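Okay, I think everyone's here. Let me put the model up on the screen, and then I'll walk through a handful of residues and one pocket.

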Amino acid sequence: MLRALSMSLGLGLTLLAVPACGRSSSDAGDEGGGAARAAGDAMQLAGAATSDQTPPEGLTWIAIRDINRVYDDDNSPTDRPPLVAEPPRGMITPITVSPDGQADWLMDYTEASSAQWCGTGGCRQRLFVSTPDGLVQVFDANAFGVETLGEGQVRVQVHHIYCEPQAAPDSCTVVLQYDTAGRRLAVPPAHDEFNPMGWAQSE
C-alpha cells in the first residue's frame, strides 16, 4: 500500500514537472528575449551533440593500449597502476578537417597523465582524418595545441625552434593545409623543417 502511494506521488510529481518546463520556455518568449535565447540553446545543443560523439572503437583501443603500455615491465609486472579500461575524458575529440562532412578525430596525449608523451615541444598529438576508405592518420607529433581554422587548415603551436630565433617560446605556430588527394597535411615552405608525422616515424 505504501509502495503504491509512493509510486503514485512520484508519477504525479513527474507529470507536474513537464508542464513547468514547457511553461518556462513560453515565458522566455513572452519576455522578448526568447528567440535569441532559444537560438543560443539550439547552438549549445548542437555543440554538445558534436562533442559527445562516440570515438571509433579503433581509436579508443589505440588510446587504451598506449596509456597501459607506458608501464610495461616484464621484470616487475606487479609494479604498475591498475589497467586503464577507457580513455580519459577529453583525450579523443571530434574536429573538422576534411570536407566530407564526417568527423575527424584529435587524440591529445596531454590527457594521458604520463610524462612519457610530453617534452619541451608539448605533448603528443595525433590527428585522424576521414577518407572514403576510413580514417587516416595525418599528424603525429608533439605540440602545445592543435586547432582547425576551416577550409582544411590546421594551426599547430609547436616548439620555438621551428620559428625565427627571436620568437618567444610559446609563440611559434605552423599552419598546415590538408591535401585531400594526398591524404596528408602539407607544410608551408617557411616551416619545412617541421615534420607533422615526426613521432610515428621515430618509433
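Let's start with L149, which is partly exposed because its relative accessible area is 36%. The cut-offs there: buried means under 20% relative accessible area, exposed means over 50%, and partly exposed is what's in between, with a 1.4 Å probe and protein chains only. The areas themselves come from the Shrake-Rupley method with a 1.4 Å probe, and for residues only the protein chains shown count as cover. L149 sits in strand β6. Helices and strands here are DSSP runs, H or I over at least four residues for a helix and E over at least two for a strand, numbered from the N terminus. Leaving out residues up to four places away in sequence, L149 touches R155 and V175, where touching, or contact, means heavy atoms within 4.5 Å. And L176, 27 residues away in sequence, has its C-alpha 9.9 Å from that of L149.

Quick housekeeping before I go on. This is a predicted model, so local features need pLDDT of at least 70 and side-chain atom pairs count only at pLDDT 80 or more, while totals for chains, interfaces and linings use all residues. Residues are numbered from 1 along each chain as its sequence is written, and side-chain values use heavy atoms, with hydrogens and water left out.

Zooming out for a second: the protein has four helices and nine strands. Along the sequence that reads α-α-α-β-β-β-β-β-β-β-β-β-α. Of its 203 residues, 29% count as buried. The accessible surface comes to about 12800 Å², and carbon and sulfur atoms own 56% of that. If you take contacts with a separation of 6 or more, 42% of them are between residues 24 or more positions apart.

One example of a long-range pair is on β5, where you'll find L135. The C-alpha atoms of L135 and P56 are 9.4 Å apart, with their positions 79 residues apart along the chain. L135 also touches P56, and beyond that L59, A103, W105, F128, V129 and S130, again skipping residues up to four places away in sequence. At 34% relative accessible area, L135 is partly exposed.

Now, S98: buried or exposed? Buried, because its relative accessible area is 4%. That's in the loop between β1 (92–95) and β2 (104–108). The S98 side chain makes a polar contact of 3.0 Å with the side chain of D100. By polar contact I mean a pair of N or O atoms within 3.5 Å; within protein, one has to be able to donate a hydrogen and the other to accept it, and residues adjacent in sequence count only if both atoms are side-chain atoms. Past four places in sequence, S98 touches D104, V129, S130 and Y178.

On to backbone angles. E151 has a phi near 55 degrees, which is positive in a residue other than glycine. E151 is in the loop between β6 (145–150) and β7 (153–157), and it's exposed, at 78% relative accessible area. R183 also has a positive phi of about 55 degrees without being a glycine. R183 sits in the loop between β8 (173–179) and β9 (184–186), and at 30% relative accessibility it counts as partly exposed.

Last stop, the second largest pocket, with a volume of about 160 Å³. For the method people: on a 1 Å grid over the protein atoms alone, a pocket is an open set of points with protein on both sides within 12 Å along at least five of seven lines, and lining residues have an atom within 4 Å of a point. What is the make-up of the lining? Six nonpolar residues, five polar and no charged. β5 (134–143) and α4 (198–202) each supply at least two of the lining residues.

Two of the lining residues are H159 and N195. H159 is in the loop between β7 and β8, and it's buried, at 16% relative accessible area. N195 is in the loop between β9 and α4, partly exposed at 32%. A polar atom of the N195 side chain lies 2.9 Å from the backbone nitrogen of M197.

That's my tour, so over to you.

Notes:
1 Å grid on protein atoms, 1.4 Å probe; cavity = no way out; pocket = protein on both sides within 12 Å on 5 of 7 lines; lining within 4 Å. Points joined across faces, edges and corners; volume = space filled by probe spheres on them. Nonpolar A, V, L, I, M, F, W, Y, C, P; charged D, E, K, R; others polar.
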